[in-house]
Each structure stands twice: as structure tokens, then as C-alpha cells.
Amino acid sequence: MQFTEQPDSPIQRPAPRRNGRAGRTADALEASILENLHYDLARLPETATANDWYLAVALTVRDRMIDNWIEHVARFNATDRRIVGYLSAEFLLGPHLGNNVVNLGIEAELREAVGRLGVDYDTIAAQEEEPGLGNGGLGRLAACYLDSLATVEIPAIGHGIRYEFGIFDQSIENGWQVEVTDKWLARGNPWEIARPEMAYAVGFGGTTTQSTSENGRLTVTWSPARVVKGVAYDTPISGYRVAGTTLLRLWKSEAVESFDFEAFNLGEYGLAVDEKVKSETISKVLYPNDNQSAGKRLRLAQQYFFVTCSLQDMLKLHLAKGEPIARFADRFAVQLNDTHPSIAVAELMRLLVDVHDVDWDEAWRITEATLGYTNHTLLPEALEKWPLDLFAELLPRHLEIIFEINHRFLDEVRAKFPGDETRVARMSIIDESGGRFVRMAHLACVGSNSINGVAELHSRLLKETVLVDFHDFCPEKFCNVTNGVTPRRWVVLANPGQTALVSGRIGDAWICDPARELPRLEPLADDPGFRDAWMAVKAANKVRLAGVIRDRTGIVVDPSSLYDVQVKRFHEYKRQHLNALHVIALYNRIRSDAGYDAPPRTVLFGGKAAPGYQMAKLIIKLLTSIAEVVNNDPATRDRLKLVFFPDFNVTHGQLIYPAANLSEQISTAGKEASGTGNMKFAMNGALTIGTLDGANVEILECVGDENFFLFGLTTEGVADLRARGYRPVDVVRENAELGQVIDQIASGFFSGGDRDLFRPIVDALLNRDEYLALADFSAYLEAQQRVSDAYQVEHAWARSSILNVARTGKFSSDRSIRDYADLIWKTGPV
């Protein structure tokens, strides 16, 4: 996207390239589909495959987006609003077709057009390969924000990496997670536009030399040992029923020279393409396993690669408008989505000082005024830091810049806290407490004008724990922006039944203004007819999911059972193993008492474990092993089922969230930054069982105590328990039911008599229980009993479900984006 128009240029909407490319009637769409099939794909309708039809339909939809995109670009050029550059290593977008069709408002017309051609719309939509460009919540949040930036019409460009292979596809073999390569680009990507002319040089390694310029100024020249180029691929992201269209610009790494004729002529055929292979490795795969040094090097290279391409691109766009470099921060607000892009602090300084010849102090003013840092974790181990020797080897000039930034910063710390060298060591960007490392979160804090958490509790805990020293030093930088999710994908697209029911009663303005409009549902929670219609929608969603569960796992579940769902990335702090302990306890209760009063329950898990995270993978194996026993026991199989839904992703989330009755948000208090799955469940009418962690706190405040099943230790309770000396073995000794559950796992009851298989889980619980699953076990079971009792009173459950939807409008990502625009970016709609 080039911003070459002058600010006072008139906004002109260019004509479509060929007649019919902008029409939105069924006739126009049908003609355009056939045109794309003929001209772009060179296929005959009689022989076209389902994927051919998908590509033709996708190109037809994209054509309708291009006009909006061009108009939006023209508006960019005609406004003095700051442009947001959103830097994220992950964008977990989900399938484009359905979302774009909803946002353009052409679903009915498109279905009619496709039907006329003898093709089933849902069949061809299922052909789309989901771009797996993220691991979970972080990437999905970034995708929601792109949708909202477009809908709110804030000028923005998302920047990331065009990974050739995204997050792995997950299969379950003999109960174990198996990682399968995600080949999302294998059959083409009709949504992206390649920009081969838009490429930037990216250097690695080499040496630096110092010299003095004619005006006596010290200059540094970096001579990289290796250079690759980053090539832009643009994807338009449509706003909801507006011209607003956000650009997602992803960078692919390529060789500067992809073929070495000299090596080829010498017969070294492998060497002839060696540089091409090495260069393309940088954007080859999402987040390589960084347990090994080669993985760490590649991951750092990836982060620098997309950051420098993005910043070079922004500077080029800025200068192309004839703006002086000194006004860069007036035109661009760059948001760092977690620590992955925090190398931007050093890179923007390098570009300003070394390339654009800006004085250091002025460059620092521009850098700090441009950058904002969003922290997404309270886990110290998740705050990235890189070994100093690796940093020096890969980015020698940046390390010099970081040393200088750190020197100047620590002088300021000493001036404010004289004599407190312990504090100085804690705040230093260079960690020298055991080995030497570059602390990337510290770099982001020092070089940004704002530091925000992503939920009220998370932001408070950041100021009190992980970043307490920085809050003491510069409290004015800190603020909170609670996460949000887009209601377009997660309700309108995923839950058309609920959408139609709600819009039929209160209109459809809630889709873009849920906080204002959805409370109008509250009186309907006491309307028996509306409650019946509400539960009928939920029942239909549950039947739909039951069919998919049967097809994917072979497990037959009862759609009238309580759907108890925990779907998220696997990590011990998210406590899927606590949920497993409850399933075993419930199994034991049903087995020992045929008259045990509890409704039939289907417990559904989904999520992926990082390939190198052995404990998380073992927990998945435990779940599938419990399922083998529970689902096949004649005494329990009609009343309790456990399902592990393989390969949980955005597509499957669109099936699962609308069908859930109960949302499991049971992380250890003080560990989850925010969570967004909790919001998606609540927006789709699921009730939450959860701890006071992350955004659960705000959800509870919004929906009310009576519509939320709260349990467990608070953050203060966690700290107090640990301070008193927590002994998990004592908890087991004092709770016979818990003791039985642990004994069953340890004895091999769920592993065919193999006592060693799950020993690491048992040992971790009894000896450490780092995330206090055993400490919260009794409170969790008591809360689950309240769930069972409540579910059996259908009208009361329906009422609570409706109120969850009516009261969670706050959690729209549109609100989050407006908060960022007001508090941090200081910009607004064009």
C-alpha cells in the first residue's frame, strides 16, 4: 500500500477492472464466479473441482473487498490521523471466506449464486485451508483486532511473518499427540496479493566500524555477513458493512540472489541454490522448537526479520508523503504485541541514527514516542531473553545500541534511586545474574511510551510483581486495555441461530455496539417463550457438534447432556489436569452409586501442546486414557463421556463455542493474563466455572455472582499458601476422595496396569503441585456440584445463559481498539 496522494487530493473510487466486479446481486456474483473460473483459473464448470469452485468464489469475494480497500487507502492519504502499525509474530486468522462474506453482507446473495451453479456453498467453503499463523490466544487476539480496526475504520496495517508452514496440525495416535506439518499454502491462497517489488534488505552477523563524519559526529557502519530480503504479501481484512479495510502485510524471506551460476557451472548443483534455501528458512515455519541453540537463533532471526521489514516500510511510506523524519511519531503509532517484536526499539534507533542520520537524542525521542508495548504474561519464563553471545553473533550493531540505551537508562535509575544498586541490576536490560542475557521485556519497557496489561487484574499484578520496578520508575507509562474478541466471527458467523434470534428481538445494531445494545435482552430472560427459543438454538448447536464429534473421534455423545468444555492451549497453569481429576472423581461417584444425582455430562477437551512440552503432551495422553475407561464402562457410559477433540483451531472453535453449556476457565489465580476463550464462550451463552484470574474477574463483575460458578484461591490466597509452606501431600492425605483419584492414576488403572506411564504427573502433583491443582480440588468439586444442580433447572439455566450474553458486550474487540486509540495511539476513525 503506497501513500502517494497529497493530503488535499480528492478521494476517488476507481472503476472495477472488468464490468461486474463490484456488483453484489446474485446475478452479478454468479457472473463473476464464472468469469474468475474461466479467466483466472482456466477451468470449465463441467470439470471444476470443489477447490476450483472455492478459489473462484474467494476471488469473487475479494474483488468486492478491493473497492473498499482502495477507498480506505485514499482516506488514509487524505487524513492526518496517526496510522497504527501493529507488530505481531502471530496472526491466527481463521478461514477468510465466511468472515468476509458476513462483513460484506452478501451471504444470502452468494448462496443463491453458488446454488444456481449447482454447487453447495458449505461444501466449497470447507475447502479453505485455515492459515495457522499463530499458536493460540495471542495470534487470535491480533486477528480480532484487525477485524475491529477495519470496522471502527482506524487507519492501520498489521505486520507479521508469512510462515510457509503454520502451527502443526494435531492428530491423536494411540492417545498421544502427533504433530503433522501444516501445508496451508499447498493449494494456493486467493486472499493475498504478492508485492515482489516491495522488498527490503535484512542483514545478519558481520562487523561494525566507527568513523567520524565531516561535521565531527561519530558514525557507525554495519557490514552484515549475510543479507536476505523480505518480500511483502498483502491481505485485505474487511470491516463490518463499512468501507474500512485493514491491511495485513506479511513478510516472506527470500535470497537476494536465488541462483549461483558460478557454482552451477562448476557442477555444484546443490550449492547453486544453497543461498535460496538458507534465506527462505527464516519464514519457513512458525516458532521453531527453541530447545536447541539452532532453534533459538532462528527464532531471534525471525523476530528481527519481520520487525525491520515493517519499520523500513513505515519509514518509506512516511517519507513518500514528503514528511520530515522528525514527524514520524506524529504519523505512526507502532504497537508491540508482546515481547516478540521488542527488537523494534533497537532497530528503529539503528534506522534513524545509522541510516537517516538523526542525532541520538532526537532518534530516542522519536522512538519512544512511536512505540507502545503490550505485555501478555505474568510468567517470568515467558518474558523472552536472549543469550548475549547469540545476540552479538546475529545482531552485533543492535547489541551496541542496546548497551548504549541501557547505559543511559541506568544513569536515570541511579539518579532517581541513588545507592540502590540492587534495583539497578534488576532493571538493567542486560541480565547478569547467571550468564548474560538481553531482557527483551525490559527493552520494550524502556523504549516505549506506554506499557499496558490486557485485563484489570493482569495490569495490577504487572505493576505489583513482574514490572514493579518499572512502575516505580515511570508509573505514567502504565495503563490497562482489557482484551476483546470480534462478535462478527465468534457470534454472527459461528452462531447464526443466536444471531437471528437476538436480531429479531432487538435489531442488529448490537453487532457493532454490543455494550449499548445487548442489555436490551435482559427483560427477555424472564420471558418463557424467549427462553424456550434460546434453548432450542443451543440444542441445535449441540446436535451439530455431536455429529462432528462422532465423525472425527467415533464417540457418540448425548446432545441433551451438559456440554462441559475446556478448549485452549495445553499448559500446566491452565490446569487441564485439575479438570481431569474432577472427571475421575465424578466417574467414581457414578460407579459407586447408581442413584447419584447428576445430569448426563459430556466433558470436551481440545488444544495443542507445544512439541517440546512433554508434561503437557502427557496430560493429553492422560485424558485420552481416562476416556478409554470412562466411555466404555457400562456403569457410566450413558451418563459421562470424555472427548478429546483433535486439532482444535479457529474453524473448530466456531463449532464448539456456540454448543457449550459450561466454560472451564480454571487457571491458577495470578497466572492467566486475560484469556479470550472465556469471552467467546460467554458471548455464546455458556456459563463460566472459573477462578478469579485474568478477565474472569471482569466477566464475573459483568454477569453477576449468580450467573458464574466461582471457586478457588485468589492471587492473595495463592501467595499466602506458599508463604506458609504448601505441602500437597498433606492435602491428599486429608481428602479421601482425592487420594482415591491419585491412587487410580498412579496404580495404572487408566493405563492398562502401567504404573510408570503417568508417574511424572503424579510425582509433580505430590511433590510440587506448582499450579495448586490439589489445593483447589475440593473447591472445584463443590463448584461442579453447583453446576450439576443448576443445569437440572432448565428455565433458570436458560435465564443465566441469556444474561451472560446480555452483559458481556464490553468484551467486544471494538471496545478494546477504541481504548487503544484513545489511551495509547491518540488516533481515531478516518
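These are my notebook entries on one sheet and one helix of this structure.

I am working with a predicted model, in which local features need pLDDT of at least 70, side-chain atom pairs count only at pLDDT 80 or more, and totals for chains, interfaces and linings use all residues. Residues are numbered from 1 along each chain as its sequence is written, and side-chain values use heavy atoms, with hydrogens and water left out.

Entry one, the sheet. I looked up the strand order and found nine strands (DSSP runs of E, at least two residues, numbered from the N terminus) in an open sheet with mixed pairing, E5-E8-E9-E2-E1-E10-E11-E15-E16; two strands pair if DSSP finds at least two bridges between them. Strand E5 (193-204) and strand E16 (478-480) stand at the edges with a single partner strand each, so one side of each has no neighbour in the sheet.

Entry two, one pair. I noted that E11 (371-374) and E15 (450-453) run parallel and are joined by three bridges, with Gly372 opposite Ser450 in E15.

Entry three, helix H21. I listed the buried residues (under 20% relative accessible area, 1.4 Å probe, protein chains only) of H21 (496-506; helices are DSSP runs of H or I, at least four residues), and they are Gln498, Thr499, Leu501, Val502 and Ile506. Down the helix axis they fall within an arc of 170° (from the directions from the axis to the C-beta atoms), so they line one face of H21. On the face turned away, I found Ala500 and Gly504 exposed, that is, over 50%. Just after H21, Gly507 takes a positive phi of about 85°.
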